[in-house]
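Let's take a walk through this one together, beginning with the cysteines and then heading inside. Have the model open as you read.

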Amino acid sequence: MEGSSASSVNEKVGQEFAAIWQGLVGGALYGVRIRLPHALVMTVLFKRHLSSKEKLRTILKLAKEHASNLAAFAALYKTVLGLLKLLSLQIRRLEIKNGEEGAFHWLGRTLLTLLVDGSRSGGRRLVARPPGVAQNGHHALIAGALGGYCIWGRYSSVNYQIALYLASRVAVGGIRLASQRGVKPFSNISFRQCYPILSATVWGLVMMLFEEHPEVLQPSLKTSMESIYRYDTTTPIAPSVLDRIPSGIKSKPSMPRSMTSGLSNIDFIDES
């Protein structure tokens, strides 16, 4: 019986290792596939001052960073999930007879159970999930937070861009979850109804910050907005354009700055 149990555990461990390897390779491939063409286009368009060798180095650097981070995170995430899953199985299999457990051991086992399985684990039948899949949301939270701190916690323009992307998706997902569970006021309105309000709020706030407190905005966003909403009166208008302006307006020649001057500083472009 013990040999059969040990064999089952070894088999599960082997499957978890296979899932870890699959996550490592999948993360690397996906990172290259997503970042390489993006970095190529952005570097060619907005890094014209760089030499061909420097452009190539920048493209490869961005692709390597994105791919290596995704691969490392996937491997770490699945490793932690596997460890927590095995701990859960072992905790549930412990057969402790009444009266043989002291208060200290009971407290230790209880704390370990809360850490591994969460506060609502008591009395539930544990069904092992497939390799590489979280046993429950508690495990996913622990593994994701640990991976986010260890892998994505180092600041870089790539990591920052991904964090902002995920933050917006988490916010929208949280609102949809609240709607599904009947939490008011989210359950009373649909996405189509609330989207115009979201758009109005975001654009109103960002324009207010730009006009009143531009220093608090992210530098690349501020530069891009200045290229659109501010005017450089020292730059003359081309004669062909000037001829088309009514005579009453010609006394104030001006033109917008080149928009590319702002776009060239966007986070996911400037990786220096």
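Start at cysteine 194, which is partly exposed, with a relative accessible area of 23%. Keep in mind that this is a predicted model. Cysteine 150 also counts as partly exposed, because its relative accessibility is 47% and the buried class needs a value under 20%. As for disulfides, the structure holds zero.

Now step over to the nonpolar interior. Which residues make up the largest nonpolar core? There are seven of them: Ala39, Ile59, Leu62, Ile151, Trp152, Val158 and Ile162. Two elements, H2 and H5, each give two or more residues to this core. Separate from it sits a second core of five residues, with Val80, Leu81, Ala134 and Ala143 among them. Back in the largest core, where Ile59 is a member, it's worth clicking on that side chain's neighbours: leaving aside residues up to four places away in sequence, isoleucine 59 touches Leu36, Ala39, Leu40 and Thr43.

Next, have a look at the second largest pocket, with its volume of about 640 Å³. Its lining counts 17 residues, and those nearest the centre are Leu70, Trp152, Ile162, Tyr165 and Leu166. Trp152 and Ile162 should ring a bell, as they also belong to the largest nonpolar core.

Which helix gives the most to this pocket's lining? That's H5, with seven residues. At least two residues each come from helix H1 (2-46), helix H2 (52-93) and helix H5 (157-180). Sorted by class, the lining has 11 nonpolar residues, five polar ones and one charged.

Methods
Residues are numbered from 1 along each chain as its sequence is written. This is a predicted model: local features need pLDDT of at least 70, side-chain atom pairs count only at pLDDT 80 or more; totals for chains, interfaces and linings use all residues. Side-chain values use heavy atoms; hydrogens and water are left out. On a 1 Å grid over the protein atoms alone, a cavity is a set of points where a 1.4 Å probe fits but cannot get out, and a pocket is an open set with protein on both sides within 12 Å along at least five of seven lines; lining residues have an atom within 4 Å of a point. Grid points are joined across faces, edges and corners, and a volume is the space filled by probe spheres set on the points. Helices (H or I, at least four residues) and strands (E, at least two) are DSSP runs, numbered from the N terminus. Ala, Val, Leu, Ile, Met, Phe, Trp, Tyr, Cys and Pro count as nonpolar, Asp, Glu, Lys and Arg as charged, and the others, Gly among them, as polar. A nonpolar core is a set of buried Ala, Val, Leu, Ile, Met, Phe, Trp, Tyr and Cys residues joined through side-chain atoms within 4.5 Å. Buried means under 20% relative accessible area, exposed over 50%, partly exposed in between (1.4 Å probe, protein chains only). Contact means heavy atoms within 4.5 Å. A disulfide is a pair of cysteine sulfur atoms within 2.5 Å.
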